[in-house]
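Q: I'd love a close look at one cysteine in this model, followed by a walk through the parts of the fold around the chain. Please go step by step, and take your time.

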Amino acid sequence: MLLAGDVGGTKTNLALFTSENGWREPVNEATFPSGDYASLEALVQAYLAQQKGSIDHASFGVAGPVVNGQASITNLPWKMDEKDLQDALHIPSVRLLNDLDAIAHAVPYLDKRDLSTINEGQAAPEGAMAVIAPGTGLGEAFLTWNGSSYQTHSSEGGHADFAPVNAFQLDLLRYLLERFPHVSYERICSGKGFPNIYAYLKDAGHAVEPDWLSDELAQATDKTPIIMKAALDRKPPCEIAVATLNIFVSVLGAEAGNMALKVLATGGVYLGGGIPPRILSYLSYLTGESFMQSFRNKGRFGKLLSAMPVHVILNPKVALFGAARHGFEFIK
């Protein structure tokens, strides 16, 4: 029996798998609000208390860097250690991997039902692949061919310095530098980034905040879903929310293009995380500054980027499945 987990700053998905059913068919699964628990051990113990039978191995994809079997959740005060987890959970073998590494483990096996293609391109056989995933934070990973299969590589590129590409983004950077000691891509291109973009547009006078939206935001702990709903679901869409979303898409396209160049992702670029499926209409057709315009706006290398396939991962369980696949690979 394999226990796999997708451990995020907002929620944690856990599931049990067997070798008979395989890594895409959990025999039991559950979702927990991560912030309600003091540690991963406490959360997993709450899940296992409802299950029968012994667990032989556990594989957890966690939203943070994993070094020497130890990890911290970037957006939670959790510290994790493989040995401590083994002892506390009474599981003989526990492995931690970065959550984007977990997604990357599943990417080569995704099919058309799991994806929405926003740039067909032409995938090079055995070409490197890039994964970029805006959710609560901004995760990145990549895959390279080792001669017989794809090997995954973790990255914390989402925390690299934000690089403005025009005068507007320069002003956005100046605004954020007055509020944060370091401005990374994650400060803009993630769930946490939406309120930062919105605040700049409002404070700089680029768009007017309607009273009804001001009231809703004042009462919200998490402002991002309110802003997204105002842009995507309201009729007519709210101007300042739409402007926020357009900036987000433009910055996401630029950073996805940066990553595609750095790893030479001729095998394709995959957008994961919870946000891209929600904003698919903004990614798949022109809306002023579109994703693909920003993605390929790399001077002499624009033609190379135009040939790279770009997909949105629609399957919300991809990180969980990737953690399970990693677990089965380790068992072998």
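At its relative accessibility, does Cys-189 count as buried or exposed?

A: Happy to take you through this one; please keep in mind that the model is predicted. Cys-189 counts as buried, because its relative accessibility is 0% and the cut-off for that class is under 20%. Cys-238 is buried as well, with a relative accessible area of 6%. A disulfide is a covalent bond between the sulfur atoms of two cysteines. A search of the whole structure turns up zero of them.

With the cysteines settled, let's turn to the helices. In H4, which spans residues 167-177, the buried residues are Gln-169, Leu-172, Leu-173, Tyr-175 and Leu-176. Looking down the axis of H4, you find these buried residues within an arc of 160°, so they line one face of the helix. Their cover includes helix H5 (193-203) and helix H8 (239-263). At the N-terminal end, H4 is capped by Asn-166, which places a side-chain oxygen 3.3 Å from the backbone nitrogen of Phe-168.

Helix H1 (residues 40-48) invites a similar look. Its buried residues are Leu-40, Glu-41, Leu-43, Val-44, Tyr-47 and Leu-48. Down the axis of H1 they fall within an arc of 165°, so here too the buried residues line one face of the helix. They pack against a set of strands, namely E1 (2-7), E2 (11-17), E3 (28-33), E4 (57-62) and E7 (79-81), and also against helix H2 (82-89).

Several of those strands belong to an open sheet of five, with the order E3-E2-E1-E4-E8 and mixed pairing. Its edges are E3 and strand E8 (93-98), each of which pairs on one side only. From one strand to the next, the twist averages 15°. Within this sheet, E1 and E2 run antiparallel and are joined by six bridges, and Ala-4 stands opposite Ala-15 in E2. As a reminder, side chains in a regular strand alternate between the two faces of the sheet.

Two helices lie across parts of the five-stranded sheet. H2 crosses E4 and E8, and runs at about 135° to E8. Helix H3 (residues 99-106) lies across E1, E4 and E8, with an angle of about 95° to E8.

E7, one of the strands that H1 packs against, is part of another open sheet. This one has three strands in the order E5-E6-E7, with antiparallel pairing. Strand E5 (66-67) and E7 stand at its edges with a single partner strand each, so one side of each is left without a neighbour in the sheet. E5 pairs with strand E6 (residues 70-72) in the antiparallel sense over two bridges, and the bridge partner of Val-66 in E6 is Ala-71.

Past H3, the chain enters the loop that leads to strand E9 (115-119), and Asp-114 lies in that loop. Asp-114 is buried, with a relative accessible area of 2%. What does the side chain of Asp-114 make a polar contact with? The partner is the side chain of Arg-24, at 3.0 Å. Leaving aside residues up to four places away in sequence, Asp-114 touches Val-312, Ile-313, Leu-314 and Asn-315 as well as Arg-24.

Our last stop is a hairpin. Strand E11 (residues 138-145) and E12 run antiparallel and are joined by six bridges, with Leu-143 opposite Thr-152 in E12. Four residues sit between the strands of this hairpin, and Gly-147 takes a positive phi near 110° there.

His-153 lies in E12, which covers residues 150-155. At 22% relative accessibility, His-153 counts as partly exposed, whereas Cys-189 is buried. The side chain of His-153 makes a polar contact of 2.8 Å with the side chain of Thr-144. Beyond residues up to four places away in sequence, His-153 touches Asp-101, Ala-141, Phe-142, Leu-143 and Thr-144. Between His-153 and Ala-102 there are 9.8 Å in space, C-alpha to C-alpha, with the two 51 residues apart in sequence.

Definitions and conventions. Residues are numbered from 1 along each chain as its sequence is written. This is a predicted model: local features need pLDDT of at least 70, side-chain atom pairs count only at pLDDT 80 or more; totals for chains, interfaces and linings use all residues. Side-chain values use heavy atoms; hydrogens and water are left out. Buried means under 20% relative accessible area, exposed over 50%, partly exposed in between (1.4 Å probe, protein chains only). The arc is that of the directions from the helix axis to the C-beta atoms. Contact means heavy atoms within 4.5 Å. A polar contact is a pair of N or O atoms within 3.5 Å; within protein, one must be able to donate a hydrogen and the other to accept it, and residues adjacent in sequence count only if both atoms are side-chain atoms. Two strands pair if DSSP finds at least two bridges between them. Axes are lines fitted to C-alpha atoms, for helices over the stretch in contact, and angles run from 0 to 180 degrees between N-to-C directions. A disulfide is a pair of cysteine sulfur atoms within 2.5 Å.
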